[in-house]
Each structure stands twice: as structure tokens, then as C-alpha cells.
Amino acid sequence: MKTFFNVEDLGNLQTALAEAQEVKKNRFGYQELGKNKTLLMIFFNNSLRTRLSTQKAAMNLGMNVIVLDVNAGAWKLETERGVIMDGDKSEHLLEAIPVMGSYCDLIGIRSFAGLTDRDFDYAETIVNQFVQYSGRPVFAMETATVHPLQAFADLITIEEHKTTARPKVVLTWAPHCRALPQAVPNSFAQWMNAADVDLVITQPKGYELDPKYVGDAIVEYDQRKALEGADFVYAKNWSCPGVTNPADYGKILSKDMSWTIDTEHMSWTNNGKFMHCLPVRRGLIVSDDVIESQNSLVIPEAANREISAEVVIKRMLESL
């Protein structure tokens with residue numbers, strides 16, 4: 001496996017889930033794969049779970065790990081071609097990337113959407129330059145449009161906690177005070193479409209996700225109707241994806257607090273389990289009583305980030 005951005009990169013999903021359970025039982029059983037190998041983790045944006053879980057996963061596999069915070073511990077990087085570099089950016093990504101590649105065996109990259117230029121973001125301009133010029137296998141630690149390590153961990157968590165063979169999973173928009181990217185909901189929808197679940201996506205008008213991620217999911221604008229009978233409720237905010245109106249891309253179109261997941265919302269479900277990728281804004285996305293309830297999976301979900309990362313890194317090491 002040379003790249004990891006989408007669910008298709010893993011191949012057979014049931015095989016990958018079985019491998020995740022084997023890795024979880026024996027996290028240190030594959031250290032020979034990573035011996036004398038180096039993972040370079042590059043962060044253009046802040047991180048807590050991704051940074052810790054991915055580094056832990058690489059260490060489980062016996063790897064050396066280098067962590068680079070581009071905006072805090074390196075020269076500011078220019079990302080666009082054809083510019084006159086007379087501003088505050090001292091180095092171009094096209095020189096920096098092959099240099100970075102010369103110091104490592106694998107690269108993990110985290111770069112959020114700018115939310116101003118949809119074409120630039122959805123072309124994955126930055127991460128694709130790493131794929132093209134680094135000479136190393138590259139995996140996403142969240143990009144402008146996808147967060148596959150999170151979605152893989154989400155699916156592992158659902159598999160571990162489901163009580164029916166084919167559960168109903170609801171991805172619901174919730175309000176937020178800031179404009180957030182669509183990477184998490186995009187990947188969650190993509191992975192759930194590939195899994196053995198019934199996926200429903202619910203959001204206000206104008207927040208429709210890109211059809212390539214929505215896939216065969218049912219889209220329901222009535223949140224209560226969507227949540228009825230749900231086995232899992234995945235709450236997440238995202239800004240306008242600009243599908244129906246590109247001029248609205250990245251904007252906050254609604255702060256409707258009636259979409260906040262509270263006890264009443266969860267009462268409409270089938271004793272549903274609550275999920276969120278974290279960090280979460282309490283009182284906006286979810287009420288305290290829901291996230292602290294016995295049906296909240298946010299902590300085991302976060303813990304599974306180590307497992308999803310280890311499976312991905314393990315497969316990349318096996319392909320070297």
C-alpha cells in the first residue's frame with residue numbers, strides 16, 4: 001500500500017477489520033517491520049489524538065518517529081506555483097518535500113481545508129504534491145477533504161459495539177461557532193457506505209455533502225425522522241460544502257441549536273450509542289448528559305485511533 005486516503009486503499013474491508021482485531025490483541029507483535037525505519041509526521045495544523053495515536057502506533061511497530069510542526073518549527077512554506085516569493089514564506093514546498101522524503105521511509109501528512117477556494121481544497125493540492133515529489137508512501141492524518149484514520153477507527157468501534165448484524169448509523173450535522181471542514185463527515189460517509197450498515201445523513205438545507213461521499217446513503221432533512229431507530233448517532237459539524245451553491249463554500253449557514261444532540265434526541269433512537277471524533281464543543285454539538293452517558297463511545301472511539309493507524313502503517317511497511 002503506497003497511499004492511504006480512501007476506504008478503497010485498504011482493499012477488502014472485512015479483512016482489514018479482522019486485521020485490526022489481531023493488531024489490538026498483539027500491538028507489539030510486528031516490531032521487526034519497523035526496525036530501522038523512520039516515520040515523518042508533518043503537521044500543518046493542530047492535533048491531539050492524531051498526533052499521539054499515530055506516533056504510538058509507529059512506536060508499537062518499532063519505528064523511529066520524527067514530528068514536524070510546519071507552522072511552529074520550520075520555515076513557512078509556499079504551496080502554490082508561479083508566485084514571486086517576496087512575502088513571509090521562505091521556502092517552497094517543491095524543494096521542501098524531496099528533502100523531507102530523504103530523511104524517512106513513510107510520511108504522514110495533516111493539512112486542513114482553507115475553506116475559501118473549493119477547487120483548491122477538493123483537488124487536495126498540498127497532499128498530492130507529497131505523493132508526487134516525496135518518493136515515499138504517504139498517508140493522510142486528515143486532509144482538506146478526508147480523514148480516513150478517523151473513519152477506520154469509527155468503523156472498528158461500531159463493529160465492536162453493534163448488537164445487530166446491520167445497524168442503522170446516522171450522521172447528523174450539529175451547530176458550531178466556527179466554520180469547520182467536511183473531512184470527517186466525508187470520510188465517515190464514505191466508509192459507512194462501504195461497510196455493512198444502513199447509513200442516514202441528516203443536515204439542514206444547504207449543507208449537502210459532495211455526492212461522491214454521500215454515495216447510497218439516505219439523506220433526510222428532518223433530524224427526528226432520521227434519528228428514529230438509530231443504533232449509532234455520529235454528531236459532527238461541518239461548514240457549507242458548496243455543492244448546491246459554490247459561493248457559499250466554507251460558510252456557516254445555520255446555528256440552529258435544535259440540532260444539538262441531547263437526551264431528547266437520543267430518546268428517539270434504538271438505545272443508540274453516541275459517537276464523535278473529538279474535540280467536541282459541549283452545549284453546541286452535544287449536551288453533557290449525553291456525552292457522559294453509558295452510551296457514549298467517544299473514549300473507546302478515540303482509543304481505536306491507535307489501532308487504525310497501526311494497521312495502515314503496518315501495511316505500508318509490508319509494501320516497502
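Okay, let's start with a sheet: five strands, open, in the order 10-9-8-11-12, and the pairing is parallel. Keep in mind that this is a predicted model. Which strands sit at the edges? Those are strand 10, residues 218–220, and strand 12, residues 273–275, and each of them pairs on one side only. Going from one strand to the next, the twist averages 20°.

Let's zoom in on one pairing there. Strand 9, residues 198–202, runs parallel to strand 10, and three bridges join the two. If you want a spot to look for on your screen, find Thr202, which stands opposite Glu220 in strand 10. Then there's helix 7, which packs on this sheet and touches strand 8, strand 11 and strand 12. Its direction makes about 155° with that of strand 11.

Now for the other sheet. This one is also described as open, with five strands and parallel pairing, and the order is 1-7-6-2-3. Strand 1 and strand 3 stand at the edges with a single partner strand each, so one side of each has no neighbour in the sheet. Further in, strand 2 and strand 6 pair in the parallel sense over five bridges. One residue to find here is Phe43, whose bridge partner in strand 6 is Arg110. And what lies across this sheet? Helix 13 does, over strand 1, strand 2, strand 6 and strand 7, and it runs at about 165° to strand 7.

That brings me to helix 2, residues 49–60. Here's a little check you can do yourselves: at 1.5 Å a residue, its twelve residues should span 16 Å, and the end C-alpha atoms are 16 Å apart, so that agrees. Its buried residues are Arg49, Thr50, Ser53, Thr54, Ala57, Ala58 and Asn60. Look down the helix axis and they fall within an arc of 155°, so they line one face. What do they pack against? The partners include strand 2, strand 3 and strand 6, along with helix 7 and helix 13. After helix 2 you come to Gly62, which has a positive phi, near 85°.

Okay, rings next. The count of aromatic pairs comes to seven. Take Phe44 and Phe130: their ring centres are 6.4 Å apart and the planes are at 80°, and since anything over 60 counts as edge-to-face, that's what we call this pair. Phe44 is in the loop between strand 2 and helix 2, while Phe130 is in helix 6, so we're looking at residues 86 apart along the chain. Are these two buried or exposed? Both Phe44 and Phe130 are buried.

Compare that with Phe152 and Trp191. Here the centres are 5.4 Å apart with the planes at 25°, so this pair is stacked. Again the pair links distant parts of the chain: Phe152 belongs to helix 7 and Trp191 to helix 8, 39 residues apart. Phe152 counts as buried, at 0% relative accessibility, and Trp191 is buried too, also with 0%. Add Phe4, and Phe4, Phe152 and Trp191 form one aromatic cluster.

Last stop, helix 8, where Trp191 sits. Its twelve residues should span 16 Å, and the end C-alpha atoms are 17 Å apart, which agrees. How many of its residues are buried? Ten of the twelve, so helix 8 is largely enclosed by the rest of the structure. Among them are Pro185, Phe188, Trp191 and Met192.

Technical notes:
Residues are numbered from 1 along each chain as its sequence is written. This is a predicted model: local features need pLDDT of at least 70, side-chain atom pairs count only at pLDDT 80 or more; totals for chains, interfaces and linings use all residues. Side-chain values use heavy atoms; hydrogens and water are left out. Helices (H or I, at least four residues) and strands (E, at least two) are DSSP runs, numbered from the N terminus. The expected span of a helix is 1.5 Å times one less than its number of residues. Buried means under 20% relative accessible area, exposed over 50%, partly exposed in between (1.4 Å probe, protein chains only). The arc is that of the directions from the helix axis to the C-beta atoms. Contact means heavy atoms within 4.5 Å. Two strands pair if DSSP finds at least two bridges between them. Axes are lines fitted to C-alpha atoms, for helices over the stretch in contact, and angles run from 0 to 180 degrees between N-to-C directions. Rings of Phe, Tyr and Trp (its six-membered ring) pair if their centres lie within 6.5 Å; planes under 30 degrees apart count as stacked, over 60 as edge-to-face and the rest as tilted.
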